[in-house]
Every structure is written in structure tokens, then in C-alpha cells.
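Reader: I am new to this structure. Please take one helix, look at it closely, and then follow the contacts outward from there.

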Amino acid sequence: MLFETPINLDLKDGNIIYHPLFFNKIDADEYFSRLLNNIDWQQDTITVFGKTHLQPRLTAFFANNDKPYKYSNIMMQPNEFNRDLLNIKKAVESKLNVEFTSSLANLYRHGKDSNGWQADNEKELGPEPIIASVSIGAERIFQLKHRHDKGLRTKLVLQHGSLLIMKGQTQNYWLHQIPKTNKAIGKRINLTFRIIA
């Protein structure tokens with residue numbers, strides 16, 4: 001791990017802190033290669049406005065218990081954390097002094113893979129969830145917009161080896177997304193650690 005000055009996004013009604021260099025390049029490269037090849041990635045179907053289509057990314061869910069995770073009408077059954085995921089989880093937990101129960105892993109294969117506007121506000125995450133998001137692989141744009149104040153929007157580039165922390169009222173007031181891009185872009189893995197009650 002590297003020690004660097006975190007960036008506080010200083011958002012109204014939100015608490016987001018970004019560590020652009022949480023893992024050094026060598027560690028991030030190794031984690032990316034192993035997770036890409038060792039996770040049993042799946043592609044679920046999702047229904048939006050009455051139309052069902054394949055989700056525009058691959059996913060996998062991990063937990064230290066047998067509790068499933070439901071979002072967007074998708075029910076995911078947990079896998080056991082592998083050694084790399086446990087090491088990443090422990091590094092994040094040590095930084096935040098928080099113990100996470102689960103992680104949703106996302107694989108963005110190219111620029112057409114995306115994640116639409118959403119909040120991590122599922123009931124089982126509690127009223128003020130803390131979400132820790134590790135990014136490894138290709139850089140992607142992360143966009144944010146306030147639910148009520150339409151003039152409040154921001155974005156940042158999620159770098160290889162970075163850690164983004166969202167906590168407090170963030171999920172109640174802010175939506176986030178990874179938009180599609182026409183740029184030729186490589187694969188990205190995102191690990192979102194969370195506490196499921």
C-alpha cells in the first residue's frame with residue numbers, strides 16, 4: 001500500500017473520500033490479473049422499464065456468511081472470499097477500522113460496459129451505509145448527481161489501485177454511475193465492500 005493524501009469531495013449532503021493510490025501499481029497489477037482469471041464471473045439479466053436484457057457488465061458476489069444480496073430484482077448468492085479478496089478486504093478494513101461482511105465484484109470488459117444511475121441504498125445495508133470501492137484495471141469516469149438539487153453534479157477518474165469511500169447520508173442524497181464510453185478502453189474490476197445486516 002502507498003501513503004498518500006486522500007481527497008475529500010466536500011459534497012453537500014454527502015461524505016465521499018477518494019484515495020487515488022491506495023494500492024501501488026505492482027500490487028494492483030497482480031490483483032487484477034488473478035481476480036480476472038480466478039473469479040467465476042456471471043452475466044445476469046435485468047429488467048428496466050418492462051424490457052429484459054443482459055446486464056452491461058459481469059458480476060460476482062462474496063460474503064463471510066450465507067446471506068444473499070438483492071438489487072435491481074437480481075438475487076445473488078454469496079461465494080466464499082478467495083485469498084486475494086480477503087487480502088484486499090483486510091487492507092480496506094485496516095484503513096477504515098470497519099469490518100465488512102460482503103463484496104460485490106464488477107467486471108467492465110470494455111467501454112460499452114457500464115452501471116447506470118443508482119444508489120447503494122438497499123434496506124439490508126442500513127440507513128447510512130458505508131461503501132468502500134476498490135478499482136483496479138482501466139481508468140473509468142465516476143459521475144455523481146444530487147437527487148434533489150439538479151445543479152449539483154461532479155465526476156472523477158477512478159484510477160488503477162484506488163479506493164473510494166462513500167458514507168453518511170451519501171446514498172440517501174446522491175446517485176452515481178459509470179457511464180458508457182466510445183473510447184477504446186481496457187478491462188476494469190471494481191470491488192464494492194459493504195456491510196449487510
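Author: What follows starts with one helix and moves on to ring pairs, charged pairs and a few single residues. Keep in mind that this is a predicted model.

Start with helix α1. Helix α1 runs over residues 25–38 and has 14 residues. From its first C-alpha to its last, α1 reaches 20 Å. That is close to the 20 Å expected at 1.5 Å a residue.

Which residues of α1 are buried? They are Ala 28, Tyr 31, Phe 32 and Leu 35. These four cover an arc of only 105 degrees around the axis, so they sit on the same side of α1. The face turned away from that buried side carries exposed residues: Ile 26, Asn 37 and Asn 38.

What covers the buried residues of α1? The cover includes helix α2 (83–96). It also includes two strands, β10 (131–137) and β15 (188–194).

Now look at the N-terminal end of α1. Asn 24 caps it. A side-chain oxygen of Asn 24 lies 3.1 Å from the backbone nitrogen of Ile 26. Ile 26 is also one of the exposed residues on the face turned away from the buried side.

Next, the rings. Tyr 31 of α1 belongs to an aromatic cluster with Phe 22 and Phe 23. The count for the structure comes to five aromatic pairs. In one of them, the rings of Phe 22 and Phe 23 have their centres 4.9 Å apart. Their planes stand at 80 degrees, which is over 60, so this pair is edge-to-face. Phe 22 is buried, at a relative accessible area of 2%. Phe 23 is buried too, at 4%.

Phe 23 also pairs with Tyr 31. Here the ring centres are 5.5 Å apart. The planes stand at 70 degrees, so this pair is edge-to-face as well. Both Phe 23 and Tyr 31 are buried.

From rings, turn to charges. Side chains of opposite charge can pair when their charged atoms come close. A search of the whole structure finds six salt bridges. Three of them follow, and two involve elements that help cover α1.

Take helix α2. Lys 89 and Glu 93 meet in a salt bridge, with 2.9 Å from N to O. They are four residues apart in α2, so about one helical turn separates them. Are they buried or exposed? Lys 89 is buried, and Glu 93 is buried.

Then take strand β15. Its Arg 194 forms a salt bridge with Asp 120, at 3.7 Å from N to O. Asp 120 lies in the loop between β9 (115–118) and β10. The pair therefore ties together parts that are 74 residues apart in sequence. Asp 120 counts as buried because its relative accessibility is 6%, under the 20% limit. Arg 194 is buried at 2%.

The third pair is Lys 12 with Asp 149. Their closest N and O atoms are 3.9 Å apart. This salt bridge links distant parts of the chain, 137 residues apart. Lys 12 is in the loop between β1 (7–8) and β2 (15–19). Asp 149 is in the loop between β11 (140–146) and β12 (153–158). Lys 12 is partly exposed, at 48% relative accessibility. Asp 149 is partly exposed too, at 30%.

Stay in the loop between β1 and β2. Asp 10 lies there. Asp 10 is not a glycine, yet its phi is positive, at about 50 degrees. At 69% relative accessibility, Asp 10 counts as exposed. Asp 13 has its place in this loop as well. Its phi is near 65 degrees, again a positive value in a residue other than glycine. Asp 13 is partly exposed, with a relative accessible area of 29%.

One last stop is Gln 177. Gln 177 lies in strand β14, residues 174–178. At 13% relative accessibility, Gln 177 counts as buried. Which side chain does the side chain of Gln 177 join in a polar contact of 2.6 Å? The partner is Gln 143. Leaving aside neighbours within four places in sequence, Gln 177 is in contact with several residues, including Asn 115, Gly 116 and Trp 117. Ile 141, Phe 142 and Gln 143 are among its contacts too.

How values were computed:
Residues are numbered from 1 along each chain as its sequence is written. Side-chain values use heavy atoms; hydrogens and water are left out. The expected span of a helix is 1.5 Å times one less than its number of residues. Buried means under 20% relative accessible area, exposed over 50%, partly exposed in between (1.4 Å probe, protein chains only). The arc is that of the directions from the helix axis to the C-beta atoms. Contact means heavy atoms within 4.5 Å. A polar contact is a pair of N or O atoms within 3.5 Å; within protein, one must be able to donate a hydrogen and the other to accept it, and residues adjacent in sequence count only if both atoms are side-chain atoms. A salt bridge is a side-chain nitrogen of Lys or Arg within 4 Å of a carboxyl oxygen of Asp or Glu. Rings of Phe, Tyr and Trp (its six-membered ring) pair if their centres lie within 6.5 Å; planes under 30 degrees apart count as stacked, over 60 as edge-to-face and the rest as tilted.
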